[in-house]
Amino acid sequence: MSKSYDLVVIGAGPGGEVGAIRAAQLGLKVALVEKNIHLGGTCLNVGCIPTKSLLESAKIWAKLGHVAELGFRIGKPEYDWSAIMKRKDGIVDAQRKGLLFLMKKNKIDVYQGHGRFLDKNTIEVTAADGKKESIQTKHTLLATGSRVKELPFARSNQKNILTSDTILFIDHVPKSLAVVGGGVVGMEFASLFGRFGCEVTVIELLPQVLPSEDPECANEVVRQLKKQNVTIETGVKLTGVKDQGDHCVVSVEGKPDRVFAKVLMSIGREPVTDDLGLQKVGIAVDRGFINVDAHYKTSAANIFAIGDILKTAALAHTASAEAMHAVEVIAGKNPPLINYEANPSAIYTYPEVASIGMSEPKLKEKNIAYKVAKFPFAPMAKAKIEEATEGFIKILSHPQYGELLGVHIVGARATELIGEFVLGKILETTVDEIGHAIHPHPTISETIMEAAHAAMGGAIHM
Ligand SMILES: Cc1cc2nc3c(=O)[nH]c(=O)nc-3n(C[C@H](O)[C@H](O)[C@H](O)COP(=O)(O)OP(=O)(O)OC[C@H]3O[C@@H](n4cnc5c(N)ncnc54)[C@H](O)[C@@H]3O)c2cc1C
């Protein structure tokens with residue numbers, strides 16, 4: 001007799017694992033199906049967490065380059081790449097163990113294998129050894145995430161042509177690296193390897209790297225990355241990549257071929273929805289993505305979908321928030337709709353970039369009146385103490401009511417600072433309220449108050 005559940009979650013990334021835990025907390029009997037040997041999905045295994053561990057090492061390495069200015073004499077610093085990778089692997093491993101503990105704690109049955117629908121209430125799980133098992137369910141949450149997208153004429157090969165999955169296991173810092181694609185993933189790796197002394201060239205087809213960010217923030221990142229051995233070429237079309245054994249030859253339109261030690265192909269990701277038996281349950285896909293209503297319900301009433309398989313922002317925290325909402329609806333609750341205008345983007349280049357709401361080009365395109373206020377980190381004492389003087393906070397607000405329309409931060413702590421604006425946006429605060437809220441001194445967060453003062457008609461410390 002097959003086991004029966006209130007909810008089966010397929011995929012244990014930041015969407016699926018959060019959804020499973022929340023559903024169990026709400027009293028549902030839950031199973032989690034994951035085909036990978038480890039829980040955690042892209043984010044934990046080959047995404048957010050390992051990249052941020054390596055970027056933290058890069059930050060410390062850059063700091064060690066000028067400790068004399070901070071009053072320390074430590075001789076010539078050296079790095080041990082294998083130890084840096086070991087630390088990264090250790091952090092990932094600890095988080096994986098934490099997830100297994102949470103599954104046990106919440107009495108969630110974990111099935112290791114590939115899940116696919118046999119019908120709307122039956123999921124077949126195929127283990128790696130081919131063994132099949134069917135489980136019954138009242139509801140299903142699809143959280144199968146995304147995978148690296150490949151260009152047919154420049155496929156990765158696990159040797160010198162790498163992807164974000166494989167470069168995370170590279171055993172040395174290459175002498176040179178071509179990064180094809182200047183999106184978030186490509187730029188984070190460019191900043192990482194550039195800071196370790198690799199000569200990095202980013203090749204981007206569009207006129208701007210980090211194309212979904214405010215152009216002023218993207219330009220500041222470009223300016224800072226030039227100081228980190230990174231050359232950025234925009235409006236450049238890749239025509240081919242050849243692995244020659246000990247190097248790669250990269251061809252682009254209108255320029256002579258160039259040689260790089262390694263190439264990172266980072267042209268984007270695509271949803272994983274092709275082997276789920278969706279036809280059997282009447283769910284259609286749109287270029288691989290699943291369409292859902294405002295509560296993440298698909299065209300099949302008992303099947304929900306969240307995370308990277310939707311057209312919403314492909315971010316871990318977005319997947320988690322969508323999963324929480326979906327399972328709360330399944331459990332009969334009435335959660336508030338997700339406000340995507342308050343959904344933060346967070347990019348961990350040096351300097352970091354973070355934003356909510358609309359950029360200036362977007363506001364112009366939508367013909368929405370706005371006021372710009374900008375305050376740099378440079379005048380702030382804490383920024384000098386922390387050597388984090390690059391960048392600024394830019395607030396786009398309603399000219400009359402002061403409502404936040406968009407906030408764009410570029411600087412060392414951008415991904416932490418944006419949290420205050422997320423809450424502000426959800427609570428429909430105004431720049432006036434932010435400016436009158438006391439911020440502790442000395443902190444980097446005072447810059448938020450100064451930017452709000454600028455929006456109110458005059459920043460104090462400039
Ligand atoms: C290099 C890199 C860095 C990133 N950094 C960040 C960051 O700093 N912050 C951020 O917010 N986002 C970041 N992201 C994006 C983030 O990782 C994804 O948005 C997030 O993981 C999506 O979560 P998900 O739960 O939708 O899917 P995933 O994390 O992709 O998880 C889906 C899971 O489903 C499993 N699965 C798929 N099909 C089946 C099936 N049929 N049966 C069983 N299991 C299945 C997969 O094995 C996988 O474990 C990064 C991505 C990359 C590539």
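The exercises below, each with a worked solution, concern a predicted model.

**Exercise 1.** Compare the expected span of helix H6 (residues 184-195) with the distance between its end C-alpha atoms, and determine how many of its residues are buried.

*Solution.* Begin with the length: at 1.5 Å a residue, the twelve residues of H6 should span 16 Å, and because the end C-alpha atoms lie 17 Å apart, the two values agree. Next, take burial, for which the cut-off is a relative accessible area under 20%; the residues of H6 that meet it are Gly186, Met187, Glu188, Phe189, Ala190, Ser191, Leu192, Phe193, Gly194 and Arg195. Ten of the twelve residues are therefore buried, so H6 is largely enclosed by the rest of the structure. Finally, look beyond the helix, where Gly197 follows with a positive phi, near 95°.

**Exercise 2.** Work out the strand order of the open sheet that contains E12, E13 and E14, and state which strands stand at its edges.

*Solution.* The three strands are arranged in the order E12-E13-E14, and their pairing is antiparallel. Strands E12 (238-243) and E14 (258-260) each have a single partner strand and stand at the edges, so one side of each lacks a neighbour in the sheet. Direction ignored, neighbouring strands are turned by 25° against each other on average. For the pairing of E12 with E13 (residues 248-252), five bridges are found, and Lys242 has Val249 in E13 as its bridge partner.

**Exercise 3.** Locate Ile74 and decide whether this residue is buried, partly exposed or exposed.

*Solution.* Ile74 lies in the loop between helix H3 (48-64) and helix H4 (81-105). Its relative accessibility is 47%, so Ile74 counts as partly exposed. Together with Leu70 and Phe72, Ile74 makes a nonpolar surface patch of about 290 Å².

Notes. Residues are numbered from 1 along each chain as its sequence is written. This is a predicted model: local features need pLDDT of at least 70, side-chain atom pairs count only at pLDDT 80 or more; totals for chains, interfaces and linings use all residues. Side-chain values use heavy atoms; hydrogens and water are left out. Helices (H or I, at least four residues) and strands (E, at least two) are DSSP runs, numbered from the N terminus. The expected span of a helix is 1.5 Å times one less than its number of residues. Buried means under 20% relative accessible area, exposed over 50%, partly exposed in between (1.4 Å probe, protein chains only). Two strands pair if DSSP finds at least two bridges between them. Axes are lines fitted to C-alpha atoms, for helices over the stretch in contact, and angles run from 0 to 180 degrees between N-to-C directions. Patches are made of residues with over 30% relative accessible area and no salt bridge: like charges are joined within 9 Å, nonpolar side chains (Val, Leu, Ile, Met, Phe, Trp, Tyr) within 5 Å. Accessible areas come from the Shrake-Rupley method with a 1.4 Å probe; for residues, only the protein chains shown count as cover. A salt bridge is a side-chain nitrogen of Lys or Arg within 4 Å of a carboxyl oxygen of Asp or Glu.
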